[in-house]
Amino acid sequence: MCTVAKRNNIFILTLTGDDEHRLNPTLISDIRSALADIKSQSLSSPATSTALITTATGKFFSNGFDLRWAQSPSSAVAVAGVGNTFMDRLHHMVESFKPVVADLISLPMPTIAAVTGHAAAAGFVLALSHDYVLMRGDKGVLYMSEVDIGMTFPEYFNVLFKEKVASAVARRDIMLNGRKLKAVEAVGFGIVDDVGKDGEEVMEKSVKLSQVLVKKGWNGEVYGEIRKGLYPTLCHELGLSRRTLVVPRL
């Protein structure tokens, strides 16, 4: 469901498998395991600066929660302790995905989402949980579909958008109007940092940005704590605590 490769000091986490990369319990668990391994490798070499790029194969970066899994009566037996209703299974996915956002917000390295396809709902949230978002300009949209399909947002979605997207107009258009953002529009809203003409160029630009960030030689734990300080309400919602760290470089 996902793979991790390492190119020098850059980790590349790639969502694989089906084209939509819907966030069901299996994929969520795989992402968390990958992030835990990446974090462990980074912390084992504190003198080495690292970075993460998250990307995906196919048409979608991620099409959000796997509602088909939630609608399937047989899916409950696959996860111990999950009830047998749609709401039970949906709640399980929502709560299981929350730690993924927490993992990214606290990861001890710069993070980049290389959005090479559509990112909808929780898939949009996955991208926005990174420090930088790069997106292809030839195709693909960012889209919060909840208002169109008749679902409210989990509170951590609300807080993430409030602390990451400065413009109230942008938040209104995205969350209340279900506006589908192409890359250039997303740049205007301050969500996307750079645009590639296609998926290949998005990855090239993401690698170059990662290389620049890695060369800074920052301490990963200090970087992660500074990031958490930028989003105090989100950290509170995610249950993340903050530490004061001093790791002199002089």
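In this predicted model, strand 2 (residues 10-15) and strand 3 (residues 51-56) run parallel and are joined by six bridges. Within this pairing, T14 of strand 2 faces T55 in strand 3. Helix 1 (residues 25-44) packs on the sheet. It touches strand 1, strand 2 and strand 3. The direction of helix 1 makes about 175° with that of strand 2.

Strands 2 and 3 belong to an open sheet of six strands. Its order is 1-2-3-5-7-9, and the pairing is mixed. Strand 1 (2-7) and strand 9 (194-196) form the edges, and each pairs on one side only. On average, neighbouring strands of this sheet are turned by 20° against each other, direction ignored. Helix 9 (residues 199-215) also meets this set of strands. It lies across strand 1, strand 2, strand 3, strand 5 (111-115), strand 7 (132-136) and strand 9. Helix 9 runs at about 155° to strand 7.

A further open sheet has three strands in the order 4-6-8, paired in parallel. Strand 4 (60-62) and strand 8 (142-143) each have a single partner strand, so one side of each is left without a neighbour in the sheet. Strand 6 (residues 118-120) runs parallel to strand 8, and two bridges join them. A120 has Y143 of strand 8 as its bridge partner.

The interior was then examined for enclosed space. Two cavities of 30 Å³ or more were counted. The largest has a volume of about 110 Å³. It is lined by 15 residues, and those closest to its centre are S42, P108, N219, G220 and E221. Helix 1 and helix 10 (220-230) are the elements that give two or more residues to this lining. Helix 10 gives the most, with three residues. By class, the lining of the largest cavity holds seven nonpolar, seven polar and one charged residue.

The second largest cavity contains about 30 Å³ of space. Its lining consists of L13, L15, I31, L35, T54, L104, L126 and H130. Strand 2 and helix 1 each supply at least two of these residues. Six of the lining residues are nonpolar and two are polar, with no charged residues. Helix 1 thus appears in several settings. It packs on the six-stranded sheet. It also contributes to the lining of the largest cavity and to that of the second largest cavity.

Key
Residues are numbered from 1 along each chain as its sequence is written. This is a predicted model: local features need pLDDT of at least 70, side-chain atom pairs count only at pLDDT 80 or more; totals for chains, interfaces and linings use all residues. Side-chain values use heavy atoms; hydrogens and water are left out. Two strands pair if DSSP finds at least two bridges between them. Helices (H or I, at least four residues) and strands (E, at least two) are DSSP runs, numbered from the N terminus. Axes are lines fitted to C-alpha atoms, for helices over the stretch in contact, and angles run from 0 to 180 degrees between N-to-C directions. Contact means heavy atoms within 4.5 Å. On a 1 Å grid over the protein atoms alone, a cavity is a set of points where a 1.4 Å probe fits but cannot get out, and a pocket is an open set with protein on both sides within 12 Å along at least five of seven lines; lining residues have an atom within 4 Å of a point. Grid points are joined across faces, edges and corners, and a volume is the space filled by probe spheres set on the points. Ala, Val, Leu, Ile, Met, Phe, Trp, Tyr, Cys and Pro count as nonpolar, Asp, Glu, Lys and Arg as charged, and the others, Gly among them, as polar.
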